[in-house]
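I opened the model to make notes on one chain and its ligand. The entries follow in the order in which I looked things up.

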Amino acid sequence: MIEPQRREAGRADAGSSARPAPVPAARGPAGELPSIPPQPRRPARAARPSREQDASTEQDAPDAAPTARPPVPRRRPSPAQPARPGAHHTHRVENQPPPLAGFDPLACDPALTDAVAREGAKEALPDLGLLAALVASPEAREHARLAETHPPVLHTHDRYGHRVDEVEFHPSWHWLLRTSVGWGLHGTPWTAGPGTGAHVARAAGFYLMGQLESGHGCPVSMTYAAVPALRHDPALAAVYEPGLLSTSYEFGLAEPSTKAGLLAGMSMTEKQGGSDVRAGTTQAEPTADGTFRLVGHKWFTSAPMNDLFLTLAQAPGGLTCFVLPRVLPDGTRNAIGLQRLKDKLGNRSNASAEIEYTGATGWRLGDEGRGVATIIEMVSMTRLDCVLGSAALIRAALTEAAHHVAHRSAFGSRLADAPLMQAVLGDLALESEAATALALRLAGAVDREERALLRLALPASKYLVCKRAPVAVAEALECLGGNGYVEESGLPRLYREAPLNSIWEGSGNVTALDVLRAVNREPDSVDAVLAEVDSVAGQDNWFDRGVRELRTELRGREERRARRLAEMLALCLQGSLLLRYAPDEVASAFVSSRFLPDGPWRTSGTLPAETHTKALLTRITPT
Ligand SMILES: Cc1cc2nc3c(=O)[nH]c(=O)nc-3n(C[C@H](O)[C@H](O)[C@H](O)COP(=O)(O)OP(=O)(O)OC[C@H]3O[C@@H](n4cnc5c(N)ncnc54)[C@H](O)[C@@H]3O)c2cc1C
């Protein structure tokens, strides 16, 4: 946890104090990253104002009592000269926390470090420590702020009217991507063999960067996820893998083989259906040279400046996966037009485009008619990053909340000492620890190629952890009171981002239905999860109760209960991990609070089976 700097308790309206006020970080003009000096400390305000200050204060204050002193001409600071610190009694900055910078998001997170070591990447901890120091630096935090404050801009045409289809990003976006790519968070684990811990180390790095900024994680994640899908075709993999695994970041339109590094995207969702990708209407016609000509649209394609996209289109043999580079081998541009960028709730540093294929050239990836089976390899890996990304958001929000309450007082005592605040933060900490442990367990399963476990544990975890993130972030935001609702706190950015992981790569219901599908069709995946869960059977009554409920849901397999099934699976996995590896007090608090039959934490859609849903709906149906 962040080391609280103890302060004397004092109310916001407490009397004068000689304590120096924190100085806000410098802000530069748009497009320019200011270098942030170490936080200077202002000289302590004099206990007694000078004569001049006295006079100024008296004249500024309409209700000030008259004094016997002769009037002093009113002197206001010119606009070019800001008021001297301490010149106005109305503007004392007290009881505000110092900026959160320079903390260690790795050392402060034993749930993470323990999981990294446990899942086989202990040797990576020193390197992760370096990344953590970077993530916590004021410079990095400023890049994160700037990348969101200056969202990407689409240029469809040049000044002469030629189509250019380019997206302009703020330099801080490029800084973030260069950093993540440089640390190999986009693909390098694929060069290591199974069981080396490479995916775990990468997951921990992605989790750390996710605490800094989420938007740029989208192309990083899609590039990571594209590799296993690309390997369906060794010839295509040979063309693109070297660039995708390179740790060089090279932005710009160029033929892929000439670039130092490549990024990949995913293009499935169409206007008429995102979950139901089989409803896609984009057509792919075979051509004489073995490639396909694609005509159609995609309603969402994020990071459209990436170098290649895995796309679904209807070929003569059915829905098929294709690889479309932005620049063709002959150096000409592929026929991919960018129509609009989405104006999104969050994820604002990242561009998400509506695109059109107007005769674009694609290479078939995987068998014709097996498009979903091919691209699902990519979707699985991005789902892992949804879990990691949501765990990172929960952790980042919790960090901000813990920092704030450690430095803020109300009613004469530090908020961090208030029993009710401790209860709130304790609950958030449980949520964070459970999310982090589960996310890293999944990364370990990828590393060790535990396919059966991943088939069920991945969608179930994606369902629960992504659903919990908005709730946890909102609660953490509230720990900062009104300050948390203000942009400068950074919490609104986390809050806007929080629902997204639950929407893409399978929205809540669709993910829960995927869990049900796995339970129905792949019994070995159920066995793998139950083996994990049963390894702690008999250790805790609450947990055993939860596992009994899970088994009931597993037997029931009702579509309308799919959410409860998904969350019970993920909860039991979390409980099992915490019972095995977390301190006793963490584990027992988790199982005793999360396995209550009517626990207040329940997610939407998990009402008891006997609930009369129709009766509830009639009360909200507009007449
Ligand atoms: C910021 C952002 C970036 C994105 N980037 C990309 C991208 O790069 N590439 C890409 O291909 N897509 C992208 N998407 C699209 C995203 O993957 C889809 O929005 C998502 O899969 C849901 O599809 P949809 O919007 O068509 O919703 P729909 O499929 O219409 O679903 C609407 C709701 O109905 C629910 N639902 C669907 N079927 C059922 C059912 N049978 N029973 C019960 N409930 C059901 C869903 O869970 C959802 O809540 C992006 C989306 C966003 C918001």
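**Entry 1: ligand shell.** How many residues surround the ligand, and which are the closest? I count 22 around the ligand, and the closest are G274, S275, F300, S302 and S507. A residue enters this shell if its C-beta atom, placed from the backbone, lies within 6 Å of the molecule.

I note that the model is predicted, that local features need pLDDT of at least 70 and side-chain atom pairs pLDDT 80 or more, and that totals for chains, interfaces and linings use all residues. Residues are numbered from 1 along each chain as its sequence is written.

I then sorted the shell by residue type: 7 nonpolar, 13 polar and 2 charged. In this sorting Ala, Val, Leu, Ile, Met, Phe, Trp, Tyr, Cys and Pro count as nonpolar, Asp, Glu, Lys and Arg as charged, and the others, Gly among them, as polar. At least two shell residues each come from strand 3 (264-267), strand 5, helix 13 (500-503) and helix 14 (508-521). Helices (H or I, at least four residues) and strands (E, at least two) are DSSP runs, numbered from the N terminus.

Why does the ligand lie between domain 1 and domain 2? Domain 1 (110-369) and domain 2 (373-594) both give residues to the shell, so the ligand lies between them. The domain bounds come from an automatic or database domain assignment.

**Entry 2: whole chain.** I find 19 helices and 11 strands. Of the 623 residues, 44% count as buried, where buried means 20 or more other C-beta atoms within 10 Å of the residue's own, exposed means 12 or fewer, and partly exposed is in between, with C-beta atoms placed from the backbone. Among contacts with a separation of 6 or more, 75% are between residues 24 or more positions apart. Two residues are in contact if their C-beta atoms, placed from the backbone, lie within 7 Å.

**Entry 3: strand 9.** I looked up which strands pair with strand 9 (residues 352-365); two strands pair if DSSP finds at least two bridges between them.

| Partner | Bridges | Direction | One bridge pair |
|---|---|---|---|
| Strand 5 (292-302) | 9 | antiparallel | L294 with A360 |
| Strand 7 (318-325) | 3 | antiparallel | C321 with L365 |
| Strand 8 (336-341) | 5 | antiparallel | R340 with E354 |

Strand 9 is mostly covered, with 10 of its 14 residues buried. Strand 5 also appears in Entry 1, as one of the elements that supply at least two residues of the ligand shell.

**Entry 4: hairpin.** Strand 1 (residues 153-157) and strand 2 (residues 163-168) run antiparallel and are joined by 4 bridges. V153 has E168 as its bridge partner. The two strands form a hairpin with 5 residues between them, and G161 in the turn has a positive phi of about 100°.

**Entry 5: nonpolar core.** The largest nonpolar core has 162 residues, and those with the most contacts inside it are A397, A439, V515 and L569. Such a core is a set of buried Ala, Val, Leu, Ile, Met, Phe, Trp, Tyr and Cys residues joined through C-beta atoms within 7 Å. Helix 9 (residues 371-407) gives the largest share of this core, 19 residues. Domain 1 (110-369) and domain 2 (373-594) both give residues to the core, so it lies between them.

I listed what V515 touches, leaving out residues up to four places away in sequence: L456, P459, A460, Y463, A562, L565, A566 and L569.

**Entry 6: loop residues.** Is W183 buried or exposed? W183 is buried, because 22 other C-beta atoms lie within 10 Å. W183 is in the loop between helix 5 (171-182) and helix 6 (198-212), and beyond four places in sequence W183 touches L131 and G205.

T247 is in the loop between helix 8 (234-245) and strand 3. With 16 other C-beta atoms within 10 Å, T247 is partly exposed. T247 and V181 are 66 residues apart in sequence, but their C-alpha atoms are 5.3 Å apart. Leaving aside neighbours within four places, T247 is in contact with V181, G182, G184 and T188.

**Entry 7: positive phi outside glycine.** N95, in the loop between helix 1 (51-60) and helix 2 (110-118), has a positive phi near 60°. N95 is partly exposed, with 18 other C-beta atoms within 10 Å. F411 has a positive phi of about 55° and is in the loop between strand 10 (409-410) and strand 11 (413-414). F411 is exposed, with 8 other C-beta atoms within 10 Å.
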